[in-house]
Every structure is written in C-alpha cells, then in structure tokens.
Amino acid sequence: MSDSNVFLPAAHGWDPRGLDRLLHAFPAGELSEIAGPWSAGAGSLLLALIARVTASGQHVALVDGADAFDPTTAMTAGVDLERLLWLRCRGRSREAWSASDLVVRCAGFALVALDLGEPRLIRRERMPYALCRRLKLAAEQSGAILVLRVPQPIAGTAAALAVSLRRLESRWIGQPRATRLAGITAEARIVRCHAQASSLAAGQVIQWAL
Amino acid sequence: VGAVRRLACLLAREPVEREQHHLLAVALGHSPRVEEEGLGLVYLDVAGLQMLYGGETEIGQRLARAAAERGLAIQVGIAGSRMSALAAARSGQELTVVPPGQDAAYLAPAPLSLLALSDEMATRLQLWGIRTLGELANLPTPALYERLGSEGLRVQRLARGEDARPLRPWATPPVFEESMAPGWAMESLEPLADALLRLAERLCDTLVRRGLSGDEFQWACRLSDGTVREGSVSPAVPMTDASAVALLLKASLASRPPRVAVEAVTLRAHAVRVAPAQDSLIDRARHSPRMLAATLARLSALLGEREIGAPVLLDSYRPDAAELGPWSPRTSRPELNDAPDTPRPVLALRRVRPPLAASVTLTGGRPVHLRSERLTARIVISVGPWRSSGEWWTDRPWIHDEWDVELGDGTLCRLAHDGSSWWLEGIYD
C-alpha cells in the first residue's frame, strides 16, 4: 500500500479530511455496509453519517435492531433528533429487516440505517444475502443512502461500499488516576467500493480519533 | 394621515360548522372586508361605517341583532387590533368596545393564553414569570429579540395591541364543475366516456391554472327517464391528468352503467392544494403525505405504535433519560451556521436496555472480571469510579458509580454500581 492511501489522524485530535471523504463516499441509491466488532468505531461512524445527513436538513430513518441507540450521544455528535425517525425493534431481527424494507421504499428519507450490530441478530437470519439484495433494489428505487451496520460482513457484492473497522488504541483521562474513557483511534479499511464518482478505492485505509 | 384601524370580532358562543355561513353572512351584510379566522370567529373592518350605521356601539348592537335574527348567539368586540377585539369579544358581554388608542391598556391584564403560543414559547415565558400580556408588552424589546428572535417580537407586538397585518378577505370558495348536454341522448358507454374526457380536460385545465389538484371526482348523469345517476372516483394521489381521470371515470361508469340513455353529464372536482414535491433543484423530494402515512401505519403494525417516533431527551441527568415522541417531517431548513459539513466525531455508546445485571469480581476495589448474560470476560483495564447522582428531591433519587472497562477481547464497556448491584449499562462502539 502506498503512503498516499493512508489518511492518518493529526497529532492532536483527528484528521477531518479522511473522515469527511469517507462520509461523503456513502452512495445514494445503493447499499453500503459498515462491519466491525464492538468498540471498533463502527457505531461511531454510523452516528457521524447520521449527524452529517440531518445537519444538511434531510431526514434519516434508523432501524435499531437491538434497541441500542443512545440519543444523548447522538445529540453530542450533532444529530438533529427531530429529523430522525427511530424504529426500535428490541432484538427482533426479522421485524428489523421488514421495517427497513418498508422505510427504504418510502421516498423522502435521505438515509436509512439498519443497525444489526449484535452477533445474535445476524445469527438468527438464514438468508441475509438475499435480504440485502432486496434492500439494495429498494434503495435503487427510492434513491436513499442505505447503510447496514453489522459485526461481520454479510452483504457481499450487494454492497456498493463496504467498510471494515478496527480499533487501534484506547485513550483514558483522569488525574492522578484515570477515571473515564476519553476515546479511541479507529481505522476504516475500504473493502469494496463500486460507487461511481467516489473518491475512495478498495484497499484505502482511513484513521481518525474519536 | 393614516386612517385609524377599527375591527369588529364576531365570536359565536356555541360554534357549529353548519352555522358558520350565517356568521359570515352577518359580517358580509355590514362590511365588504371580512376575514374568517376559524370556526365561530370572524373579523370585519368597521372603519368608515359610522356614516352608515352610527357610532361603534350602534354598529356592534346592529351586528348582534342581525346574528340573533339568524338564530346565532354571538359576542361582539370592537377594537383597533385583532387581539384586542378578540379579548373584548371574550369578555362575556354581548358587546364590548375598546376606545381607539386604548388597546395596549385593555390587553394588559389579559392572560398569555390569549396568544396562540407554541409550547416551547409558552413554557419559556412561564419560566420567566410572565403571566399577562401587559408583562410581555413591557419586556425590553432588544433583549426579547436576543432571546426569542423574530417570533418574540411578533408576540410582543400582539400583546401591545399592534396589528399591522391586513385582513385576508374572505371569498366564496370556487366550485370546480363542468357540465355537458349535447342535445341528443348518449345510449352507450363510448360517447359518454368521450364526453367525460372533454369535461375532465376542461376541469383539469382550471385546476392547473389555480395551482390545485383533484382529490376526488364526482360524476352525475341525468337520464332520459328523469332520474339522476351519480358516482365518484378518488385517485390514489391528487391529480390533474385529464386522461388518467377519464380512465378512472370510465371504469367507474362501466361498473355501474346507466340503465337508459344519458341526456346530460356533470363532473365536479374536490380541489386540494398539493405542496411542491421538491423545494428546489438541489433539494431532496419531500415525503408524500399519503405514502408516509401509509408507511408509518404499517411500521406501527409491525413494531408496535410505541416503538416508532423521534427521540426526545428528558430534562434529567439520569442515564438513558430519553423517550420517543411523535415524528413528523420538518420542512424548514437548518441555518447555515448550524449545518457543519463535518460533524464532531464522538464515540458512540450502545445502550443495553434495560441495564443487564452483572457479576463483577473486585481486586483492590477495582473490577477485574465481568460475568453477565451478554458478556463474560476478564477485565484488563478499568477506570473509575465516576459518581453520578440526581433527583434526590423526588421520590426516585438515584446514585451510582460508573466504570469504563476494557475486556480481554478488546470490548469497551460501561458498568454501573449502585451500592449493592452491578449493571452492564452499555458498550462503546
């Protein structure tokens, strides 16, 4: 990998250029996938995407598979909560897929996010790839950005953009002894990027501090 | 020299939809400048009527008499602004006249509820201790603008009895109807369908010119035996496409064909104004109200009515103090300053709802092992405690210590200890 393919975080804080390019790379009318284990930054990346879309005055539907969305953190991240439709599925994975299918077909949502970030939700589903294909076709019709947050990749070639997350480090604060988690440094690797006019390519790595 | 504005407010004591036209007729019988504000509430301009009917007291009495003759019980208020005229009409007397220039003084003791304030505005003014229109009117205007913006100025002007908005003149609602009587009897469906197509074209043309769409199309055929056959069609979305409307009408006629020849046909449209699907070229298409309502209804059936909505933060530091509120698409655009291109990256927390009971092993007062239904692992890093408490003044006080921990597999969690039990509150993601 060449050096130009890596966007490193700044010495203090984070590199806005890399994250900004990544957030703008999620294509409208396509299915995208954010995969990564817990604490790798996948949920934070999805939150940043929701914040960017609501801040531009558009509406977002969040299908919350495990009822794990935290409005307080979202508010801190800059999400306009009044532009967010929150669908709480409380661990019912089949209903979460059906709700996504319904909401992605309803024109007017710029972003539809399906959060299945818990392994138990994925294990229950027998044919996730077929469901992803169905959602992809629906997104093509409505023109919405459709994003799937999962612990491990399941969409395969149905995803126009696939991003894999991992955590590089954790940071802690507090004197004389640490009392809180300050944040993490996350790394996103572009696994697949078939989106047209995207500034990213498969294999690129983006790092930023949270 | 500007003319002194004088308005009369006619307020029905028992507003009824079917009597609204009587109220309008009373107002229109005295002044050509009439505004319909709502059910049982009409304003009319009475400036200059003195030459016709005498003083304002006589005008007011005349209005009340005219209403009584039509079987309406009304209260009349005459003042220089809508707000003061409304307050006068609500005073309980049959007629109240506020002398010119006395609007602010008359409104001063009136409660804030007279203004149709938003919940947010009403709550804020209540927190400031503002109870009456006089107190609102006396607030320093620049400071009010700094805190409440232009909406604050608007309500203050109303509280002062200032009313610069002209009356919105009431006009007879237009009837969208076209008829055709060709002079010969139409004995089959084809000529009838052709006639309906021509009527639909004329009707849709009229609707388009007024920026309206047809929500329902009603047809009526006068038959050669003297009877009338009627029907209607309601397209899935409001439309002005004449050929599509004609097809629907033809299908409706075919399902209930007239028994005898048709001598005349009438087509009537119920007009609605459809909001533009897109504000500008670069904006995204708006939600279609029908599609959105149908989708939300289906989602409610799928997930449960109480599982859908907009997240609303509660005024509390209690962990996970949020609930679901009703959701409706916002049409206003955010201010440019409020729309950063790149949001602040924040470490997300996945809530565990409800918090999961956990068994935590301590060494030297610090967690070293976690066992719960969701996660069981060795704790490699633990930081804390971070003590939070609140609502000690209520019957539901809470206090707990939060610990951020890193498990052996790299998962970062938030644990809480309430003095007796440990809970898994969330997982950083």
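User: How many helices and strands does chain B have?
Analyst: This is a predicted model. In it, the secondary structure of chain B comes to eleven helices and 17 strands.

User: What share of chain B counts as buried?
Analyst: Of its 429 residues, 42% are buried. The surface that chain B exposes is about 23,500 Å². Carbon and sulfur atoms supply 53% of that area.

User: And the contacts in chain B, how many join residues at least 24 apart?
Analyst: The figure is 54%, among contacts between residues at least 6 apart in sequence.

User: Let's do sheets. Which strands form the open sheet in chain B, and in what order?
Analyst: The order is β6-β9-β7-β8, four strands with antiparallel pairing.

User: Which strands stand at the edges?
Analyst: β6 (176–180) and β8 (228–233) of chain B do. Each has a single partner strand, so one side of each is left without a neighbour in the sheet. From one strand to the next, the twist averages 15°.

User: What does β6(B) pair with?
Analyst: Its partner is strand β9 (residues 262–272) of chain B. Five bridges join the two, in the antiparallel sense. B:S179 stands opposite B:T266 in β9(B). B:E178 has B:L267 in β9(B) as its bridge partner.

User: Where do the side chains of β6(B) point?
Analyst: They alternate. B:F176, B:E178 and B:M180 point to one face and are buried. B:E177 and B:S179 point to the other face and are not buried.

User: Which helix lies across β6, β7 and β9 of chain B?
Analyst: That is helix α9 (residues 189–209) of chain B. It runs at about 150° to β6(B). Helix α10 (residues 242–255) of chain B lies across β7, β8 and β9 of chain B. Helix α10 runs at about 45° to β7(B).

User: OK, the barrel. Which strands close into it?
Analyst: Six strands of chain B, in the order β12-β13-β14-β15-β16-β17. The pairing is antiparallel here. The twist averages 45° from one strand to the next.

User: How many bridges join β15 to β16 of chain B?
Analyst: Six. β15 covers residues 398–407 and β16 covers residues 412–417, and the two strands run antiparallel. B:E402 stands opposite B:A416 in β16(B).

User: New topic. Which residues touch the most other members of the largest nonpolar core?
Analyst: A:L22, A:F26, A:L45, A:L165 and A:W208 do, in a core of 50 residues. Helix α2 (residues 42–55) of chain A gives the largest share of this core, nine residues. Another core, of 41 residues, lies apart from it. Its members include A:V63, A:L114, A:I154 and B:L303.

User: Back to A:L165. What does A:L165 touch?
Analyst: Leaving out residues up to four places away in sequence, the list includes A:I34, A:P37, A:L45, A:A186 and A:W208.

User: How many aromatic pairs are there over all chains?
Analyst: The count comes to four. One of them is A:F69 with A:W86, which is edge-to-face. The rings are 5.2 Å centre to centre, with 70° between the planes.

User: Where do A:F69 and A:W86 sit in the chain?
Analyst: A:F69 is in the loop between β3 (59–64) and α3 (71–76) of chain A. A:W86 is in strand β4 (residues 84–88) of chain A. The two are 17 residues apart, and the pair links distant parts of the chain. Both A:F69 and A:W86 are buried.

User: Why is the pair of A:F109 and B:W327 stacked?
Analyst: Planes under 30 degrees apart count as stacked. These planes are at 25°, with ring centres 5.5 Å apart, so the pair is stacked. The pair crosses between chains. A:F109 is in strand β5 (residues 109–115) of chain A, and B:W327 is in the loop between β11 (322–325) and β12 (349–363) of chain B. A:F109 and B:W327 are both buried.

User: Last one: B:V42, buried or exposed?
Analyst: B:V42 counts as buried, because its relative accessibility is 0%. It is found in strand β3 (residues 41–45) of chain B.

User: What does B:V42 touch?
Analyst: Not counting residues up to four places away in sequence, B:V42 touches B:A8, B:L10, B:L24 and B:V34, among others. The C-alpha atoms of B:V42 and B:V76 are separated by 10.0 Å, and the two residues are 34 apart along the chain.

Conventions. Residues are numbered from 1 along each chain as its sequence is written. Chains are lettered from A and ligands numbered from 1 in the order in which they are written. This is a predicted model: local features need pLDDT of at least 70, side-chain atom pairs count only at pLDDT 80 or more; totals for chains, interfaces and linings use all residues. Side-chain values use heavy atoms; hydrogens and water are left out. A nonpolar core is a set of buried Ala, Val, Leu, Ile, Met, Phe, Trp, Tyr and Cys residues joined through side-chain atoms within 4.5 Å. Buried means under 20% relative accessible area, exposed over 50%, partly exposed in between (1.4 Å probe, protein chains only). Contact means heavy atoms within 4.5 Å. Two strands pair if DSSP finds at least two bridges between them. Axes are lines fitted to C-alpha atoms, for helices over the stretch in contact, and angles run from 0 to 180 degrees between N-to-C directions. Rings of Phe, Tyr and Trp (its six-membered ring) pair if their centres lie within 6.5 Å; planes under 30 degrees apart count as stacked, over 60 as edge-to-face and the rest as tilted. Accessible areas come from the Shrake-Rupley method with a 1.4 Å probe; for residues, only the protein chains shown count as cover.
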